[in-house]
Amino acid sequence: MDPLLDRDNAADLLADVAAAAPGYLADLPDRLVRDVASHHLLDGLDGPLPEDGHGSPGSIAELLRIGTSAATHSSGPRFFHFVVGGSTPAAMAGDWVTSLLDQLSGMWAASPFAITAETVALRWLKDLFGLPPDWGGVLTPSATFANLTGLACARQWWGEQHGVDVAADGIAGLPRTPVIASGYVHPSVRKALQILGCGRDTVQVHARDDAGRADLDGMRRALADTGPAVLVASAGEVNAGDFDPIDAMADLAAEHRAWLHVDGAFGLFAALSPRTAHLVDGVARADSVAADGHKWLNVPYESGFAFVRQAHRLGETFGSWNAPYLAPEDENSVDYNCLGPESSRRARALPIWASLRAYGRAGYRAMIERHLDLAERLEFLVEESPDLELLAPAQLCVVCFRYTAAGRDLDALNAALGRAILDDGRVYVGTTVYRGMTALRPAIVNWRTTEADIDLLVTVVRELGARLQLIDSAKIM
Ligand SMILES: *Cc1c(COP(=O)(O)O)cnc(C)c1O
């Protein structure tokens with residue numbers, strides 16, 4: 001018996017999901033971000049592969065029953081851990097359309113619709129970030145993939161400086177690729193380099209302090225020694241939201257024939273507000289730029305984008321892999337499967353297109369400025385609280401601080417506090433190590449977040465911090 005010949009009504013199943021949505025979305029702001037008490041439901045996912053299926057209505061009902069309780073409600077307003085956006089209403093609906101239409105989105109021949117949506121979405125994004133319209137671009141699953149894309153183009157360019165077509169012949173026989181960065185370099189840049197065969201340890205870090213700020217003189221000296229090199233700038237690092245001096249690094253790149261790659265996973269969005277646009281000065285002078293959609297653009301996972309100044313670098317790096325059935329339809333058709341690391345891919349342009357069309361430049365600017373205000377409010381509340389210590393000025397949407405108490409091991413106390421906050425679940429923020437100190441670093445990038453959520457964050461941190469101290473004192477006595 002082939003159950004799919006029954007033509008299960010897909011529309012009924014989608015209606016089931018739609019029927020569950022209003023209740024879930026209405027509760028989202030009031031839910032625990034992660035409810036530890038719901039974790040027993042995860043057992044419901046388990047079991048052997050069914051020999052005879054349970055049928056689709058019951059299976060979807062089960063997925064909804066478990067998921068709406070046991071999922072981490074990270075698209076709600078109080079998930080401040082890592083850097084995690086929610087889905088705007090238009091983006092979420094656009095994502096449902098993506099599944100409804102289920103387009104093979106790598107080739108014009110497979111879907112002129114998806115390709116056109118991607119080309120338009122990329123053009124709108126370049127406009128949003130102040131990047132020149134003639135740059136090349138491609139949507140990726142994430143900023144990690146966008147870093148991979150930009151750095152693969154950098155490697156291709158660098159091979160060319162040594163007379164080698166790396167895409168065709170590989171990097172064997174070439175010297176190690178010099179990659180120069182400040183201490184702000186994100187782990188995903190190293191991951192990209194390890195995938196690319198350059199090696200993650202090829203990164204030379206030039207920092208002038210223990211926060212990781214760029215040592216431009218050190219970079220200049222290194223560039224003078226290395227010959228053609230890749231310079232990586234961070235626009236928005238994850239500990240305190242700080243920026244490398246991109247414009248000055250663009251000068252260095254110009255002086256020394258280096259490729260400048262900018263990792264702007266969330267920080268690129270500073271370009272949207274006149275209050276913060278100076279932080280990304282010089283980004284339009286880069287050779288490649290990476291950013292995320294699933295962070296500050298608030299479109300669903302997975303969403304990232306890579307932009308490259310010399311558009312032809314993308315095709316050179318990712319195209320022509322000898323598959324005759326993939327021949328481009330004509331010279332005007334764009335085949336994104338030859339411009340990025342993926343081949344088959346979903347139409348991830350649709351939620352981006354829908355959200356940008358729905359809210360426009362002004363809508364996004366308003367959201368970003370609200371988040372800037374909220375970060376300032378959090379900074380103010382931290383400074384007002386005698387038991388909290390601000391560790392770095394809030395530049396953008398990340399506020400780095402810790403709990404303090406006289407005579408305590410503050411690293412141990414804050415590590416315990418981080419764990420207690422996650423188990424409590426009312427707000428969600430974990431720890432990092434900043435200048436050798438264990439610290440909290442909430443990132444505010446979710447469109448639902450308001451002042452009340454920020455106030456609750458401070459209340460919860462102080463309450464749990466005080467409770468931990470009591471437990472600590474009791475243990476000592
Ligand atoms: C999040 C982040 C990345 C990686 O992004 P993913 O979407 O998780 O792959 C890279 N760089 C920076 C600065 C980030 O904040």
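Here are a few exercises on this predicted model, each with a worked solution.

Residues count from 1 along each chain as its sequence is written. Local features need pLDDT of at least 70 and side-chain atom pairs count only at pLDDT 80 or more, while totals for chains, interfaces and linings use all residues, and side-chain values use heavy atoms, with hydrogens and water left out.

**Exercise 1: the ligand**

Work out which residues come nearest to the ligand, and which side chains have a polar atom by it.

Solution. Start with the shell: 14 residues surround the ligand, and Thr144, Asp263, Asp292, His294 and Lys295 come nearest ("near" means a heavy atom within 4 Å). Next, sort the shell by class: four nonpolar, seven polar and three charged residues. (Ala, Val, Leu, Ile, Met, Phe, Trp, Tyr, Cys and Pro are nonpolar, Asp, Glu, Lys and Arg charged, the others, including Gly, polar.) Then look for polar contacts (N or O pairs within 3.5 Å). Asp263 has a side-chain N or O atom 2.7 Å from a ligand nitrogen, and His294 has one 2.7 Å from a ligand oxygen. Last, check cover: the ligand alone exposes 380 Å², and the protein buries 85% of that (Shrake-Rupley areas, 1.4 Å probe).

**Exercise 2: a greasy patch**

Find which residues make the nonpolar surface patch, and which helix gives the largest share.

Solution. The patch, about 450 Å², is made by Leu14, Val97, Leu100, Leu101 and Phe113. (Patch residues have over 30% relative accessible area and no salt bridge; nonpolar side chains are joined within 5 Å, like charges within 9 Å.) Helix H3 (residues 89-101) brings three of the residues, the largest share; helices are DSSP runs of H or I, at least four residues, and strands are E runs of at least two. Now take Leu100, which sits in H3: it counts as exposed because its relative accessibility is 59% (buried is under 20%, exposed over 50%, partly exposed in between).

**Exercise 3: salt bridges**

Say how many salt bridges the whole structure has, then follow the one between Arg313 and Glu160.

Solution. The search finds 28, a salt bridge being a Lys or Arg side-chain nitrogen within 4 Å of an Asp or Glu carboxyl oxygen. Arg313 and Glu160 meet at 2.8 Å, N to O. Arg313 lies in helix H10 (residues 312-318) and Glu160 in helix H5, so the pair links distant parts of the chain, 153 residues apart. For burial, Arg313 is buried at 5% relative accessible area, whereas Glu160 is partly exposed at 41%.

Terms used. Polar contact = N/O pair within 3.5 Å; in protein donor to acceptor, adjacent residues only side chain to side chain. Buried < 20%, exposed > 50% of the residue type's maximum accessible area, 1.4 Å probe, protein only.
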